[in-house]
Amino acid sequence: MDINKIVFESSEKLLEGHQGFVSNEIVVYPITEVIAGTLNKVKQVLFPGYFNVVCEPKTHEKCINTILMEIYQELSDEFEKVLPGSGIAAKLIDRLPDIQQLLNKDAQAGFNGDPAAKNVDEVILTYPGFFAVFVYRIAHFLFIENLPFIPRLMSEYAHSLTGIDIHPGATIGEHFFIDHGTGVVIGETTIIGNNVKLYQGVTLGALSTRSGQKLAGKKRHPTIEDNVTIYAGATILGGETIVGKNSTIGGNVFITQSVAQDSKVKG
(Lines give C-alpha, C1' and ligand atoms only; values in the text may rest on other atoms or scores of the structure.)
Protein backbone atom coordinates (compact mmCIF):
# COMPACT_ATOMS: atom_id res chain seq x y z
CA MET A 1 0.00 0.00 0.00
CA ASP A 2 1.53 3.29 -1.16
CA ILE A 3 0.53 5.86 1.49
CA ASN A 4 1.94 8.75 -0.55
CA LYS A 5 -0.32 7.84 -3.46
CA ILE A 6 -3.33 7.44 -1.14
CA VAL A 7 -2.69 10.83 0.49
CA PHE A 8 -2.29 12.55 -2.89
CA GLU A 9 -5.49 11.06 -4.34
CA SER A 10 -7.47 11.74 -1.18
CA SER A 11 -6.22 15.34 -1.12
CA GLU A 12 -7.38 15.90 -4.69
CA LYS A 13 -10.84 14.50 -3.93
CA LEU A 14 -11.20 16.56 -0.76
CA LEU A 15 -10.32 19.76 -2.57
CA GLU A 16 -12.70 18.97 -5.42
CA GLY A 17 -15.51 18.18 -3.00
CA HIS A 18 -15.09 21.22 -0.76
CA GLN A 19 -17.89 23.75 -1.36
CA GLY A 20 -15.75 26.63 -0.15
CA PHE A 21 -13.79 26.58 -3.38
CA VAL A 22 -15.02 28.79 -6.19
CA SER A 23 -13.13 28.90 -9.51
CA ASN A 24 -10.19 27.14 -7.82
CA GLU A 25 -9.85 29.96 -5.30
CA ILE A 26 -10.05 29.37 -1.55
CA VAL A 27 -12.79 31.28 0.29
CA VAL A 28 -11.29 32.44 3.59
CA TYR A 29 -13.78 32.42 6.44
CA PRO A 30 -13.52 34.16 9.80
CA ILE A 31 -11.74 32.32 12.60
CA THR A 32 -13.97 31.44 15.53
CA GLU A 33 -11.12 31.51 18.04
CA VAL A 34 -10.15 35.05 17.00
CA ILE A 35 -13.76 36.22 17.28
CA ALA A 36 -14.04 34.65 20.74
CA GLY A 37 -10.81 36.27 21.90
CA THR A 38 -11.91 39.65 20.62
CA LEU A 39 -15.27 39.32 22.39
CA ASN A 40 -13.38 38.85 25.64
CA LYS A 41 -11.48 42.07 24.96
CA VAL A 42 -14.77 43.85 24.27
CA LYS A 43 -16.00 42.59 27.63
CA GLN A 44 -12.88 44.05 29.24
CA VAL A 45 -13.45 47.56 27.88
CA LEU A 46 -17.18 47.55 28.56
CA PHE A 47 -16.55 46.59 32.19
CA PRO A 48 -13.12 48.02 33.10
CA GLY A 49 -11.53 46.35 36.09
CA TYR A 50 -13.72 43.25 36.03
CA PHE A 51 -11.95 40.93 33.63
CA ASN A 52 -8.18 40.76 34.15
CA VAL A 53 -7.31 44.17 32.78
CA VAL A 54 -4.76 45.89 34.99
CA CYS A 55 -4.60 49.59 34.16
CA GLU A 56 -2.85 52.10 36.36
CA PRO A 57 -5.21 54.92 37.43
CA LYS A 58 -3.01 57.56 35.78
CA THR A 59 -2.97 55.72 32.46
CA HIS A 60 -6.44 54.16 32.57
CA GLU A 61 -7.76 55.98 29.50
CA LYS A 62 -4.63 55.17 27.48
CA CYS A 63 -4.95 51.52 28.50
CA ILE A 64 -8.57 51.34 27.28
CA ASN A 65 -7.57 53.13 24.06
CA THR A 66 -4.91 50.48 23.44
CA ILE A 67 -7.38 47.62 23.88
CA LEU A 68 -9.95 49.35 21.67
CA MET A 69 -7.37 49.63 18.90
CA GLU A 70 -6.57 45.93 19.26
CA ILE A 71 -10.28 45.14 19.00
CA TYR A 72 -10.59 47.32 15.92
CA GLN A 73 -7.62 45.73 14.16
CA GLU A 74 -8.68 42.16 14.96
CA LEU A 75 -12.30 42.67 13.94
CA SER A 76 -11.34 44.61 10.82
CA ASP A 77 -9.22 41.67 9.67
CA GLU A 78 -12.06 39.21 10.26
CA PHE A 79 -14.80 41.45 8.83
CA GLU A 80 -12.77 42.02 5.66
CA LYS A 81 -12.94 38.30 4.94
CA VAL A 82 -16.73 38.35 4.65
CA LEU A 83 -17.57 41.96 3.73
CA PRO A 84 -14.59 43.90 2.35
CA GLY A 85 -14.56 47.66 2.80
CA SER A 86 -17.61 47.72 5.05
CA GLY A 87 -16.18 49.87 7.85
CA ILE A 88 -18.39 47.98 10.33
CA ALA A 89 -15.55 47.50 12.83
CA ALA A 90 -15.29 51.28 13.27
CA LYS A 91 -19.08 51.53 13.57
CA LEU A 92 -19.03 48.95 16.34
CA ILE A 93 -16.32 50.79 18.25
CA ASP A 94 -18.41 53.95 17.98
CA ARG A 95 -21.52 52.12 19.26
CA LEU A 96 -19.86 50.44 22.25
CA PRO A 97 -20.81 53.16 24.78
CA ASP A 98 -24.49 52.71 23.85
CA ILE A 99 -24.19 48.94 24.16
CA GLN A 100 -22.50 49.41 27.53
CA GLN A 101 -25.49 51.40 28.79
CA LEU A 102 -27.89 48.67 27.65
CA LEU A 103 -25.81 46.04 29.41
CA ASN A 104 -25.67 48.10 32.60
CA LYS A 105 -29.48 48.01 32.60
CA ASP A 106 -29.46 44.25 31.93
CA ALA A 107 -27.07 43.71 34.85
CA GLN A 108 -29.27 45.80 37.12
CA ALA A 109 -32.29 43.79 36.00
CA GLY A 110 -30.41 40.62 36.94
CA PHE A 111 -29.70 41.94 40.42
CA ASN A 112 -33.21 43.27 40.93
CA GLY A 113 -34.77 40.02 39.73
CA ASP A 114 -32.70 37.53 41.71
CA PRO A 115 -32.62 37.59 45.54
CA ALA A 116 -29.65 35.21 45.40
CA ALA A 117 -27.51 37.93 43.80
CA LYS A 118 -25.39 39.77 46.35
CA ASN A 119 -24.70 42.73 44.07
CA VAL A 120 -24.56 43.81 40.43
CA ASP A 121 -20.89 42.85 40.24
CA GLU A 122 -21.83 39.21 40.86
CA VAL A 123 -24.27 39.32 37.93
CA ILE A 124 -21.64 40.76 35.58
CA LEU A 125 -18.89 38.39 36.67
CA THR A 126 -20.70 35.09 37.09
CA TYR A 127 -24.17 34.89 35.53
CA PRO A 128 -24.33 32.87 32.29
CA GLY A 129 -27.52 34.68 31.29
CA PHE A 130 -25.75 38.00 31.45
CA PHE A 131 -22.83 36.73 29.37
CA ALA A 132 -25.21 35.41 26.71
CA VAL A 133 -26.99 38.76 26.58
CA PHE A 134 -23.66 40.60 26.35
CA VAL A 135 -22.69 38.54 23.31
CA TYR A 136 -26.18 39.00 21.84
CA ARG A 137 -25.97 42.80 22.11
CA ILE A 138 -22.73 42.82 20.12
CA ALA A 139 -23.89 40.21 17.61
CA HIS A 140 -27.24 41.94 17.07
CA PHE A 141 -25.56 45.19 16.07
CA LEU A 142 -23.46 43.32 13.51
CA PHE A 143 -26.52 41.39 12.29
CA ILE A 144 -28.48 44.56 11.54
CA GLU A 145 -25.40 45.83 9.72
CA ASN A 146 -25.78 42.76 7.46
CA LEU A 147 -22.38 41.31 8.33
CA PRO A 148 -22.32 37.66 7.18
CA PHE A 149 -21.36 34.68 9.37
CA ILE A 150 -19.79 36.52 12.28
CA PRO A 151 -22.94 37.34 14.30
CA ARG A 152 -23.83 33.64 14.26
CA LEU A 153 -20.28 32.66 15.19
CA MET A 154 -20.61 34.94 18.21
CA SER A 155 -24.01 33.64 19.26
CA GLU A 156 -22.89 30.02 18.91
CA TYR A 157 -19.79 30.77 20.98
CA ALA A 158 -22.04 32.02 23.78
CA HIS A 159 -24.36 29.05 23.23
CA SER A 160 -21.49 26.61 23.64
CA LEU A 161 -20.47 28.16 26.98
CA THR A 162 -23.88 28.83 28.52
CA GLY A 163 -26.46 26.55 26.88
CA ILE A 164 -28.39 29.70 25.94
CA ASP A 165 -29.21 30.06 22.24
CA ILE A 166 -30.13 33.63 21.22
CA HIS A 167 -30.28 34.28 17.50
CA PRO A 168 -28.56 37.61 16.75
CA GLY A 169 -31.55 38.66 14.65
CA ALA A 170 -33.91 38.71 17.63
CA THR A 171 -35.04 42.13 18.89
CA ILE A 172 -34.67 42.51 22.66
CA GLY A 173 -35.51 45.59 24.73
CA GLU A 174 -33.96 47.04 27.87
CA HIS A 175 -33.64 45.50 31.34
CA PHE A 176 -33.60 41.92 30.00
CA PHE A 177 -32.72 39.08 32.38
CA ILE A 178 -32.32 35.32 31.88
CA ASP A 179 -32.19 33.48 35.22
CA HIS A 180 -30.19 30.22 35.29
CA GLY A 181 -30.55 30.07 31.51
CA THR A 182 -29.67 26.54 30.43
CA GLY A 183 -31.81 25.46 27.49
CA VAL A 184 -33.23 28.89 26.61
CA VAL A 185 -33.88 29.30 22.87
CA ILE A 186 -34.81 32.65 21.30
CA GLY A 187 -35.49 32.53 17.57
CA GLU A 188 -34.47 34.96 14.87
CA THR A 189 -37.70 36.94 14.50
CA THR A 190 -38.58 37.05 18.20
CA ILE A 191 -39.46 40.49 19.55
CA ILE A 192 -39.01 41.06 23.29
CA GLY A 193 -40.01 44.27 25.03
CA ASN A 194 -38.60 45.94 28.14
CA ASN A 195 -38.33 44.43 31.62
CA VAL A 196 -38.78 40.82 30.48
CA LYS A 197 -37.50 37.91 32.56
CA LEU A 198 -36.99 34.33 31.34
CA TYR A 199 -36.11 31.23 33.29
CA GLN A 200 -34.26 28.13 32.13
CA GLY A 201 -35.66 25.96 29.37
CA VAL A 202 -37.86 28.62 27.79
CA THR A 203 -38.35 28.31 24.03
CA LEU A 204 -39.49 31.25 21.92
CA GLY A 205 -39.71 29.41 18.64
CA ALA A 206 -41.43 28.81 15.32
CA LEU A 207 -44.53 26.67 14.86
CA SER A 208 -43.01 24.64 12.04
CA THR A 209 -39.86 24.71 9.97
CA ARG A 210 -40.93 22.06 7.45
CA SER A 211 -41.22 24.71 4.76
CA GLY A 212 -37.54 25.50 5.24
CA GLN A 213 -36.21 28.38 3.15
CA LYS A 214 -39.74 29.34 2.04
CA LEU A 215 -40.15 30.87 5.50
CA ALA A 216 -36.94 32.91 5.34
CA GLY A 217 -37.53 36.56 6.15
CA LYS A 218 -41.02 35.97 7.57
CA LYS A 219 -42.08 36.55 11.19
CA ARG A 220 -41.91 33.03 12.64
CA HIS A 221 -41.33 33.62 16.33
CA PRO A 222 -43.46 35.21 19.04
CA THR A 223 -43.65 38.74 20.40
CA ILE A 224 -43.24 39.21 24.15
CA GLU A 225 -44.43 42.61 25.36
CA ASP A 226 -43.15 44.65 28.33
CA ASN A 227 -43.01 43.41 31.92
CA VAL A 228 -43.54 39.71 31.15
CA THR A 229 -42.14 36.84 33.21
CA ILE A 230 -41.86 33.38 31.63
CA TYR A 231 -41.11 30.48 33.94
CA ALA A 232 -39.00 27.39 33.35
CA GLY A 233 -39.79 25.05 30.50
CA ALA A 234 -42.45 27.19 28.84
CA THR A 235 -42.74 26.92 25.05
CA ILE A 236 -44.23 29.80 23.07
CA LEU A 237 -44.44 29.37 19.31
CA GLY A 238 -45.51 31.23 16.20
CA GLY A 239 -44.96 34.55 14.49
CA GLU A 240 -48.50 35.75 15.20
CA THR A 241 -48.37 34.79 18.88
CA ILE A 242 -48.23 37.79 21.22
CA VAL A 243 -47.85 37.64 24.98
CA GLY A 244 -49.42 40.85 26.27
CA LYS A 245 -47.66 43.17 28.69
CA ASN A 246 -47.64 42.52 32.44
CA SER A 247 -48.38 38.81 31.93
CA THR A 248 -46.93 35.82 33.75
CA ILE A 249 -46.44 32.52 31.92
CA GLY A 250 -46.17 29.47 34.16
CA GLY A 251 -43.68 26.65 33.82
CA ASN A 252 -43.98 23.93 31.20
CA VAL A 253 -46.93 25.48 29.34
CA PHE A 254 -47.27 25.16 25.56
CA ILE A 255 -48.63 28.29 23.88
CA THR A 256 -49.46 28.81 20.20
CA GLN A 257 -52.09 31.55 20.55
CA SER A 258 -51.86 35.10 21.80
CA VAL A 259 -52.21 35.89 25.48
CA ALA A 260 -54.01 39.06 26.59
CA GLN A 261 -52.18 41.63 28.68
CA ASP A 262 -52.26 41.24 32.49
CA SER A 263 -52.81 37.47 32.13
CA LYS A 264 -51.55 34.56 34.21
CA VAL A 265 -51.17 31.32 32.27
CA LYS A 266 -50.74 28.05 34.17
CA GLY A 267 -50.08 24.54 32.93
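Two strands pair if DSSP finds at least two bridges between them. The exercises below apply this to a predicted model.

**Exercise 1. Describe the chain as a whole: how many helices and strands has it, and what percentage of its residues is buried?**

Step 1. The secondary structure comes to 7 helices and 16 strands.

Step 2. The chain has 267 residues, and 42% of them are buried.

Step 3. Along its principal axes, the C-alpha trace spans about 70 × 60 × 40 Å.

Step 4. Take the contacts with a separation of 6 or more: residues 24 or more positions apart account for 46% of them.

**Exercise 2. Work out the sheet that holds strands E11 and E14. In which sense do these two strands run, and which strands lie at the edges?**

Step 1. Strand E11 covers residues 229–230 and strand E14 covers residues 248–249. There are 2 bridges between E11 and E14, and the two strands run parallel. The cut-off for pairing is at least two bridges.

Step 2. Within this pair, Ile230 stands opposite Ile249 of E14.

Step 3. The sheet is open and has 5 strands in the order E5-E8-E11-E14-E16, with parallel pairing. Its edge strands are E5 (177–178) and E16 (264–265), each of which pairs on one side only.

Step 4. In general, strands of a sheet pair through backbone hydrogen bonds, either parallel or antiparallel.

**Exercise 3. Repeat the analysis for the sheet that holds E12 and E15. Which residue is the bridge partner of Ile236?**

Step 1. Strand E12 (residues 235–237) pairs with E15 in the parallel sense, over 2 bridges.

Step 2. The bridge partner of Ile236 is Ile255, in E15.

Step 3. This open sheet has 5 strands, ordered E3-E6-E9-E12-E15, and its pairing is parallel. Strands E3 (165–166) and E15 (254–255) stand at the edges with a single partner strand each, so one side of each has no neighbour in the sheet.

**Exercise 4. Examine helix H6. What span does it reach, and how does it cross helix H2?**

Step 1. Helix H6 runs over residues 128–144, which is 17 residues. From its first C-alpha to its last it reaches 24 Å, close to the 24 Å expected at 1.5 Å a residue.

Step 2. Of the 17 residues of H6, 14 are buried, so the helix is largely enclosed by the rest of the structure.

Step 3. Two packed helices are described by the angle between their axes and the distance between the axes. For H2 (residues 32–46) and H6, the axes come within 11 Å and cross at roughly 100°. An angle of 65 to 115 degrees counts as roughly perpendicular, so H2 is roughly perpendicular to H6.

Step 4. At the crossing, Leu39, Val42, Lys43 and Leu46 in H2 meet Phe131, Phe134, Val135 and Ile138 in H6.

**Exercise 5. Place Thr38 in its surroundings. Is it buried or exposed, and with which residues is it in contact?**

Step 1. Thr38 is found in helix H2. Its relative accessibility is 1%, so it counts as buried, the cut-off being under 20%.

Step 2. Leaving aside neighbours within four places in sequence, Thr38 is in contact with Ile71, Glu74 and Leu75. With Glu74 there is a polar contact of 2.8 Å between the side chains.

Step 3. The C-alpha atoms of Thr38 and Ile6 are separated by 40 Å, and the two residues are 32 residues apart along the chain.

**Exercise 6. Do the same for His221. Where is it found, and which side chain does it join in a polar contact?**

Step 1. His221 is found in the loop between strand E9 (203–205) and strand E10 (223–224). With a relative accessible area of 7%, His221 is buried.

Step 2. The side chains of His221 and Thr189 are joined by a polar contact of 2.7 Å.

Step 3. Not counting residues up to four places away in sequence, His221 touches several residues, among them Gly187, Leu204 and Gly239.

**Exercise 7. Consider the phi angles of His175 and Asn195. What sign do they have, and where are the two residues found?**

Step 1. Most residues other than glycine have a negative phi.

Step 2. His175 has a positive phi, near 55°. It lies in the loop between strand E4 (171–172) and E5, and is partly exposed at 27% relative accessible area.

Step 3. Asn195 also has a positive phi, near 60°. Its place is the loop between strand E7 (191–192) and strand E8 (197–198). Asn195 is partly exposed, with a relative accessibility of 40%.

Step 4. Asn146, just after H6, takes a positive phi of about 65°.

Definitions and conventions. Residues numbered from 1 in each chain as written. Predicted model: local features only at pLDDT ≥ 70, side-chain atom pairs only at ≥ 80, totals over all residues. Heavy atoms only, no water. Helix = DSSP H or I, 4+ residues; strand = E, 2+ residues; numbered from the N terminus. Expected span 1.5 Å × (residues − 1). Buried < 20%, exposed > 50% of the residue type's maximum accessible area, 1.4 Å probe, protein only. Polar contact = N/O pair within 3.5 Å; in protein donor to acceptor, adjacent residues only side chain to side chain. Contact = heavy atoms within 4.5 Å. Axes fitted to C-alpha atoms, helices over the stretch in contact; angles between N-to-C directions. Parallel < 35°, antiparallel > 145°, perpendicular 65-115°, else oblique.
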